[in-house]
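Student: Got a minute? I'd like to go through this one with you, starting with the rings.

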Amino acid sequence: MVEWIPLLMFAAVCLVLILGYPVAFSLAGTAMLFAGVGIIAGWFDPSYLTALPSRLFGTINNVTLMAVPLFVLMGVLLERSRIAEDLLDTMAKLFGRLPGGLSIAVILVGALLAASTGIVGATVVTMGLLSLPSMLRRGYDPAIATGTICATGTLGQIIPPSIALVLLGDTLSTAYQQAQLNMNVVNPETVSVGDLFMGALIPGLLLVAMYLVYAVFIAWRNPQRVPPATDIGKVPISQLVANLLPPVVLIVAVLGSILIGAATPTEAAAVGALGAALLARLKGELSLKRLGEVGQSTLEVTCMVFMILIGAAVFSLVFRGYGGDDLIQSLFEQLGGGVGVAVLVVMVAIFLLGFILDFIEITFVVVPIVAPILLAMGVDPVWLGIMIAINLQTSFLTPPFGFALFYLRGVAPETVHTRDIYRGVVPFICLQLVMLVILAVWPDLATTLPQWVRSLR
């Protein structure tokens, strides 16, 4: 019975989270409860808990994770400075007079916001408030309008610089070193957040292209569902340059500095936050009151992330103390079928867990358990990270528990039914699953660019 306690502990955490308790305290509380019972019954060695202080100090002292509050600050600044509103207005004037033009505008602006904010909830809510009423007023099918907004909002999971990739990169780096040490590798290789950014670039852009092709296809086959906006005027070149150039320059500066090795993700995030503050100031949107609101939002998100990190560290220690790593490895070995089956099982499990857990919980709880085993089997860490990111992006959209659906439902007008949102996201879920299959068949899409850039340094 004792050997199955790790799985029982994991199931207990999922149950507590479903009941609505805070994630960080659910993870730590459940773990400490199982540890206490195990110590009394003689099943658990309390010496494992002595490693907790050093683990927590290492988490707080992690330079890579310092990129999280800086990227959050950058995203919140851009969100509050009306840049998204100006971008959407410009793109709507550029494409809106075409059938499906507003859908194309939403996808392009969503991709730009994903590359600048990296926060799924903020992007979905912002795009829902700005574009959904306009699309509905001009006769767009509610399913197409809501599906497009939800899907483009989740691009922040995969398009760098993404907070999800920062957290995944740090977790996979630790898991990769652990896997190599378990294989007695004297000089273990490393995988960085920058590697994941580079690995995500081609799949992310390819996914945006697939969204655009779908929008054009719908406009060609059913133009009555996405009618042109005849009341929108043309956009002057000066307005196009003024609204499009600043965020694009900021994105290129942040991402480009990471890709060429001129800055670490943390340093690039600091540059991005400063650049976002300058853009907000130039637009006259950086008052002391606004700065206070931005600081408070950044502090709330950062505290949430690090509290979950602390709870996950406690859970991970107790899980390993009960032999959870050995149990998962033996289960993989009993499956048969080699690496392919193991990866498939993990992807299905992460997809299902995405219904009830946020990407942060999955990154800090599930990935540290399964990643060392998969990496020891020879799976490329960059490829695995991108597969997990796209998988989590898909779970954000999948009814009935997709987080993006809840975000949009909260800001959508009452005339939009929940079933419309569900119908609208189905084609995009299929596109994301196709992207997963493409990446599984051609892993070079994720691994070639990081290898090429590394060879130039």
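Tutor: Sure, we'll take the aromatic pairs, then a cavity, then a few single residues; keep in mind that the model is predicted.

Student: OK, how many aromatic pairs are there?

Tutor: The count comes to six aromatic pairs. One of them is Phe44 with Tyr322, a tilted pair with 5.1 Å centre to centre and 45° between the planes.

Student: Why does that pair tie together parts that are apart in sequence?

Tutor: Phe44 is in the loop between helix H2 (23-41) and helix H3 (52-60), while Tyr322 is in the loop between helix H13 (288-321) and helix H14 (324-335), so the pair joins parts 278 residues apart in sequence.

Student: And is Phe44 buried or exposed?

Tutor: Phe44 is buried, at 4% relative accessibility. Tyr322 is buried too, with a relative accessible area of 8%.

Student: What about Tyr214 and Phe428, what kind of pair do they form?

Tutor: Tyr214 and Phe428 are edge-to-face, with 5.1 Å centre to centre and 75° between the planes. That pair also links distant parts of the chain: Tyr214 sits in helix H10 (residues 193-221) and Phe428 in helix H19 (residues 418-441), 214 residues apart.

Student: How accessible is Phe428?

Tutor: Phe428 has a relative accessible area of 1%, and because buried means under 20%, Phe428 counts as buried.

Student: Which residues are in the cluster linked by ring pairs?

Tutor: Tyr211, Tyr214 and Phe428 are linked into a cluster by ring pairs.

Student: Where does the charged end of Arg221 sit?

Tutor: Over the ring of Trp220, with the charged end of Arg221 5.9 Å from the ring centre.

Student: Switching to empty space. How many cavities of 30 Å³ or more are there?

Tutor: The structure has five cavities of 30 Å³ or more. The second largest has a volume of about 40 Å³.

Student: Which residues line the second largest cavity?

Tutor: Its lining is made of Ser103, Ile107, Ile144, Thr148, Tyr214, Ala215, Ile218, Val226 and Phe428. You'll recognise Tyr214 and Phe428 there, the edge-to-face pair.

Student: Which helices supply at least two residues of that lining?

Tutor: Helix H6 (101-116), helix H8 (142-153) and H10 each do. H10 gives the largest share, three residues.

Student: And how does the lining divide into nonpolar, polar and charged?

Tutor: Seven of the lining residues are nonpolar, two are polar, and none is charged.

Student: Where does Asp195 lie?

Tutor: Asp195 is in helix H10. The residue is buried, with a relative accessible area of 5%.

Student: What does Asp195 touch?

Tutor: Leaving out residues up to four places away in sequence, Asp195 touches Thr190, Val382, Pro450 and Arg454.

Student: OK, Ala262. Buried or exposed?

Tutor: Ala262 is exposed, with a relative accessible area of 57%. You'll find Ala262 in the loop between helix H11 (237-259) and helix H12 (265-282).

Student: Which residues does Ala262 touch?

Tutor: Ser257 and Glu267, again not counting residues up to four places away in sequence.

Student: Last one, Tyr407. Where is its place?

Tutor: Tyr407 is in helix H18 (residues 403-411). At 30% relative accessibility, Tyr407 counts as partly exposed.

Student: What separates the C-alpha atoms of Tyr407 and Val125?

Tutor: Those C-alpha atoms are 6.1 Å apart, though Tyr407 and Val125 are 282 residues apart along the chain.

Note on methods: Residues are numbered from 1 along each chain as its sequence is written. This is a predicted model: local features need pLDDT of at least 70, side-chain atom pairs count only at pLDDT 80 or more; totals for chains, interfaces and linings use all residues. Side-chain values use heavy atoms; hydrogens and water are left out. Rings of Phe, Tyr and Trp (its six-membered ring) pair if their centres lie within 6.5 Å; planes under 30 degrees apart count as stacked, over 60 as edge-to-face and the rest as tilted. Helices (H or I, at least four residues) and strands (E, at least two) are DSSP runs, numbered from the N terminus. Buried means under 20% relative accessible area, exposed over 50%, partly exposed in between (1.4 Å probe, protein chains only). A charge sits over a ring if NZ of Lys or CZ of Arg is within 6 Å of the ring centre and within 35 degrees of the ring normal. On a 1 Å grid over the protein atoms alone, a cavity is a set of points where a 1.4 Å probe fits but cannot get out, and a pocket is an open set with protein on both sides within 12 Å along at least five of seven lines; lining residues have an atom within 4 Å of a point. Grid points are joined across faces, edges and corners, and a volume is the space filled by probe spheres set on the points. Ala, Val, Leu, Ile, Met, Phe, Trp, Tyr, Cys and Pro count as nonpolar, Asp, Glu, Lys and Arg as charged, and the others, Gly among them, as polar. Contact means heavy atoms within 4.5 Å.
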